[in-house]
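Here is a set of questions and answers about how terms are applied to a protein model. Each answer sets a value against its definition.

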Amino acid sequence: MIERLTSIFERLQDPVVLIPLLAGALISWLLARHYWVTPIDMKLRQARRYGKTGFGGAAVPRKAESEIAPIETPLGDFRINGDGTISDLSRRLMWIQAPWGMEWNGEWFVGEPVKINWRDATELFGKGVPLGYPVGALQPAHLEASKFEKGYKRGKCSVSFAGHEDWRLPTADEINRLGFFDPERRLEGYEHSGAPEASALREKLFPILRASDRTYWLWCAHEQGAGMAWAIDGSWPPGDFEAKSQFNVLLVRMF
């Protein structure tokens with residue numbers, strides 16, 4: 001046995017044997033990397049290639065707005081539409097309740113989100129103006145400057161869901177709204193994003209999103225600069241993160 005192993009080792013040292021062996025291994029690795037991709041990789045590739053994406057083909061009849069009771073809060077009124085979306089009635093924003101990459105089966109979302117870096121997120125789904133270099137977190141003036149009407153550019157990929165195709169990456173101001181807080185609402189439980197009523201409202205509107213498993217790590221459409229961009233990580237307001245980080249994407253539209 002030892003003699004056989006010694007013989008094999010000696011043969012592997014022969015360039016005539018070693019070079020074709022290494023070449024074959026390299027070709028196999030390249031083919032595997034190119035063709036054997038996970039479903040998550042495939043969804044990102046398809047979005048880049050075709051400029052279209054979605055959340056699956058299942059549809060559900062949408063109830064009339066008059067049949068859905070709004071959720072009234074001190075911060076505005078909301079409605080769960082029953083088709084995988086919620087509406088912020090006060091600000092006329094509609095959100096998909098799950099991150100991009102999950103599939104709607106007609107009743108709820110299944111599968112896993114697609115985590116992507118900020119460059120991919122903004123190239124595909126929309127980009128806002130740079131917001132400069134505030135330290136740590138965005139301030140009210142930066143949130144005001146981030147609004148959609150102040151220079152937002154649509155992405156290269158259209159998203160089809162719930163009968164609409166104008167879904168996009170949220171601005172910093174829009175994603176900040178999901179903190180559901182107002183320092184003046186201390187007695188009502190909305191004084192900060194982790195306050196009881198604010199947390200309960202998020203759980204009701206976005207039950208899939210949880211800070212504990214990082215599904216609430218979400219990009220917004222704005223760059224800080226020097227390889228940094230703005231996102232939330234389960235707390236608000238948005239903070240600065242490396243643009244190469246892999247975060248989820250939550251999509252919004254106006255109505």
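Q: What makes the pair Lys150 and Glu144 a salt bridge?
A: A salt bridge is a side-chain nitrogen of Lys or Arg within 4 Å of a carboxyl oxygen of Asp or Glu. In this predicted model, the closest N and O atoms of Lys150 and Glu144 are 3.2 Å apart, so the pair fits the definition.

Q: Why is Lys150 called partly exposed?
A: Buried means under 20% relative accessible area, exposed over 50%, and partly exposed in between (1.4 Å probe, protein chains only). Lys150 has a relative accessible area of 37%, and therefore counts as partly exposed; Glu144, at 36%, is partly exposed as well.

Q: What makes Asp120 and Arg48 a salt bridge, and which parts of the chain does the pair link?
A: Their side chains meet at 2.7 Å, N to O, so the cut-off for a salt bridge is satisfied. Asp120 lies in helix H4 and Arg48 in helix H3, 72 residues apart; helices (H or I, at least four residues) are DSSP runs, numbered from the N terminus.

Q: Why does Asp120 count as buried or exposed?
A: Asp120 has 11% relative accessibility, and therefore counts as buried, whereas Arg48, at 49%, counts as partly exposed.

Q: How do you know which residues and atoms such values rest on?
A: Local features need pLDDT of at least 70, side-chain atom pairs count only at pLDDT 80 or more, and totals for chains, interfaces and linings use all residues. Residues are numbered from 1 along each chain as its sequence is written, and side-chain values use heavy atoms, with hydrogens and water left out.

Terms used: Helix = DSSP H or I, 4+ residues; strand = E, 2+ residues; numbered from the N terminus.
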